[in-house]
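Open the model in your viewer and keep the selection box at hand. Each stop says what to pick and what you will find there.

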Amino acid sequence: MALSCDDVSAAARRLEGVAHRTPVLTSAALDEMAGASVFLKAENLQRAGAFKFRGAYNRLWALRPEARAAGVVAASSGNHAQAVALAARLLGMRAVILMPADAPASKRAATEGHGAQVLTYDRYRDDRDERIRALAAERGATVIPAYDDPLVMAGAGTTALELFDQVGHLDVLAVCAGGGGLLSGCATVAAARSRRVRVVGVQPEAAPNLASAFRTGRPAPVSVGRTIADGQQLAAPGRLTWPVISALVDDVVCVSDEEIVAAMRVLFERVKTVAEPSGASALAAVLAGRIGAPAGARVGVTLSGGNIDTARFSSLMTSGATP
């Protein structure tokens, strides 16, 4: 496999003093709702607002001097864009981010605010992968994948490494999953800490790429529908993340948009924190009773991100789930 716990530990050393050691949030009211002791790893409070900073910084740190001088490129309209932009600024590199032209203005502004140059493409007419390859070749820059890279996966895994150090033993670890970078990294750490930990990935019903792979035994593209959890809206798992997930993850379950909104509301009203829809999906599965946790279990949950603007958050809280 592409990843070991030693790789995650090495990433943790690189991130020390750079990434936030995010807090673990608890709530007696939440424990009562879940019928378990729930420990929320608050990556919504990470730099750039999501766990993505961990993997982006670890990947950029490892570049050779000549590659650093040439800069990096990435394709993203969300958390990966902001993470790469911030990591590049901290390491003194140029970053170019390819975003769809219809990406929210707030996301473009946040990415540019970290010092990156943003170029746009038409998501309905242009081939994004072809555009990013051409851009990298033109500039001699390094492409930074959002999840399918060993260093990105290792950086993401430091989320679980910290969580286990902070709370000790867990019976279940529920992890938000899209392409599988965070899930593969966290599962690697959980396996090294204790094989008794049940690791469960969580995806939106509209984008069940890993859940489908678990049912069929092989990864294959799935049809992706509309969902409020746009950070998890991926058709297929990563080529490198899937072997780790298939070997170390116990299950992948899906949640509805309505369940995600309910989890976001609980986080806001009872835990006093804000998560974006993708960041709340793992908690949604816990509250819906889908993770296979016995009564009274110790359950770790990733809150993977908190990048949502005020208007969108208000709309979801008042009007419900509308992609």
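The tour goes from the sheets to the salt bridges and ends at a pocket.

**Before you start**

This is a predicted model: local features need pLDDT of at least 70, side-chain atom pairs count only at pLDDT 80 or more, and totals for chains, interfaces and linings use all residues. Residues are numbered from 1 along each chain as its sequence is written, and side-chain values use heavy atoms, with hydrogens and water left out.

Helices (H or I, at least four residues) and strands (E, at least two) are DSSP runs, numbered from the N terminus. Two strands pair if DSSP finds at least two bridges between them.

**Stop 1: the four-strand sheet**

Select β3, β4, β5 and β6. They form an open sheet in the order β5-β4-β3-β6, with parallel pairing. β5 and β6 (142-143) are at the edges with a single partner strand each, so one side of each has no neighbour in the sheet.

Now keep only β4, residues 95-100. Is it covered or not? Six of its six residues are buried, where buried means under 20% relative accessible area, exposed over 50% and partly exposed in between (1.4 Å probe, protein chains only). Show the side chains. A95, I97 and M99 point one way, while V96, L98 and P100 point the other way. In a regular strand the side chains alternate between the two faces of the sheet.

Next, look at the partners:

- β3 (residues 72-75) runs parallel to β4, joined by four bridges. V72 stands opposite A95 here.
- β5 (residues 117-121) also runs parallel to β4, with five bridges. Pick V96 and Q117 to see a facing pair.
- β6 is joined to β3 by two bridges, again parallel. V73 faces V143 in this pairing.

**Stop 2: the crossovers**

Add helix α5 (residues 79-90) to β3 and β4. The three make a right-handed β-α-β unit. Right-handed means that, with the strands pointing away from the viewer, the path from the first strand over the helix to the second runs clockwise. Then swap in helix α6 (residues 105-113). With β4 and β5 it makes another right-handed β-α-β unit.

**Stop 3: the six-strand sheet**

Select β1, β2, β10, β7, β8 and β9. That is the strand order of an open sheet with mixed pairing. The edge strands are β1 (24-25) and β9 (251-255), each paired on one side only.

Zoom to β2 (residues 37-42) and β10 (residues 298-303). Six bridges join them, and they run parallel. F39 in this pairing stands opposite G300.

**Stop 4: salt bridges**

Side chains of opposite charge can pair when their charged atoms come close. The rule here: a side-chain nitrogen of Lys or Arg within 4 Å of a carboxyl oxygen of Asp or Glu. The count comes to twelve salt bridges.

Start with R54 and E162. Their side chains meet at 3.0 Å, N to O. R54 lies in helix α3 (residues 52-61) and E162 in helix α8 (residues 150-167), so the pair ties together parts that are 108 residues apart in sequence. R54 has 1% relative accessibility and counts as buried. E162, at 11%, is buried too. Add K41 and E43 to the selection: with R54 and E162 they are linked in a network of salt bridges.

Move on to E112 and R108, a salt bridge at 3.1 Å, N to O. Both lie in helix α6, four residues apart, about one turn of the helix. E112 is partly exposed at 35% relative accessibility, and R108 is partly exposed at 33%.

Finish with D251 and R198. Their closest N and O atoms are 3.8 Å apart. D251 lies in β9 and R198 in β8 (residues 198-204), so this salt bridge ties together parts that are 53 residues apart in sequence. D251 is partly exposed at 25%, as is R198 at 27%.

**Stop 5: the second largest pocket**

Which residues are closest to the centre of the second largest pocket? Select A12, L15, E16, R21 and E162, from a lining of 13 residues. The pocket holds about 200 Å³ of space.

On a 1 Å grid over the protein atoms alone, a pocket is an open set of points where a 1.4 Å probe fits, with protein on both sides within 12 Å along at least five of seven lines; lining residues have an atom within 4 Å of a point. Grid points are joined across faces, edges and corners, and a volume is the space filled by probe spheres set on the points.

Colour by helix. α1 (5-15) and α8 each supply at least two lining residues. α8 gives the most, with four.
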